[in-house]
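Me: Hello! I would like a close look at a single part of this model, with the cut-offs spelled out as you go.

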Amino acid sequence: LIAVTPKKRSGGIGRMMTVRAAQAARAHGAHAMYLEVRDGNAAALGLYAALRFVQVGRRRNYYRGGDGEYFDAITMRMPID
């Protein structure tokens, strides 16, 4: 799980952690990384697109919001070989 507290977002921490996770995975022989992000999270989707993640699936009603509303999760993949 990679997460950044709201006060620290937009500072490059999420990018750095994702890149370092990819480097570690590649060093251990992985060929791809997968993640799930809440549909509508524009900042995260933009970051992942910039890192070459592409959408490969969707999980309907995966996340539950504080008001009881449900959100889809976008499943994404990034090649790391």
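Is T75 buried or exposed, and at what relative accessibility? Please also describe the strands around T75.

Reply: Happy to help! A word on the ground rules first: this is a predicted model, in which local features need pLDDT of at least 70 and side-chain atom pairs count only at pLDDT 80 or more, while totals for chains, interfaces and linings use all residues. Residues are numbered from 1 along each chain as its sequence is written, and side-chain values use heavy atoms, with hydrogens and water left out.

T75 counts as buried because its relative accessibility is 17%; buried means under 20% relative accessible area, exposed over 50%, and partly exposed in between, with a 1.4 Å probe and protein chains only. Across the chain, 26% of the 81 residues count as buried.

T75 sits in strand β3, which spans residues 70–79. Helices (H or I, at least four residues) and strands (E, at least two) are DSSP runs, numbered from the N terminus. In those terms the chain has two helices and three strands, in the order α-β-α-β-β along the sequence.

Strand β3 has two partners, where pairing requires that DSSP finds at least two bridges between the strands. Strand β1 (residues 32–38) runs antiparallel to β3 and is joined to it by seven bridges, with V37 opposite I74. Strand β2 (residues 54–64) also pairs with β3 in the antiparallel sense, again over seven bridges, and here R64 stands opposite Y70. A hairpin links β2 and β3, with five residues between them; in its turn, G68 has a positive phi of about 90 degrees.

Now for what touches T75. Leaving aside neighbours within four places in sequence, T75 is in contact (heavy atoms within 4.5 Å) with L35, E36, V54, Q55, V56, G57, R58 and R59.

One of these contacts, V54, lies in strand β2 and counts as partly exposed because its relative accessibility is 47%. V54 also joins Y34 and V56 in a nonpolar surface patch of about 300 Å². Such patches are made of residues with over 30% relative accessible area and no salt bridge, where like charges are joined within 9 Å and nonpolar side chains (Val, Leu, Ile, Met, Phe, Trp, Tyr) within 5 Å. A salt bridge here is a side-chain nitrogen of Lys or Arg within 4 Å of a carboxyl oxygen of Asp or Glu. The areas come from the Shrake-Rupley method with a 1.4 Å probe; for residues, only the protein chains shown count as cover.
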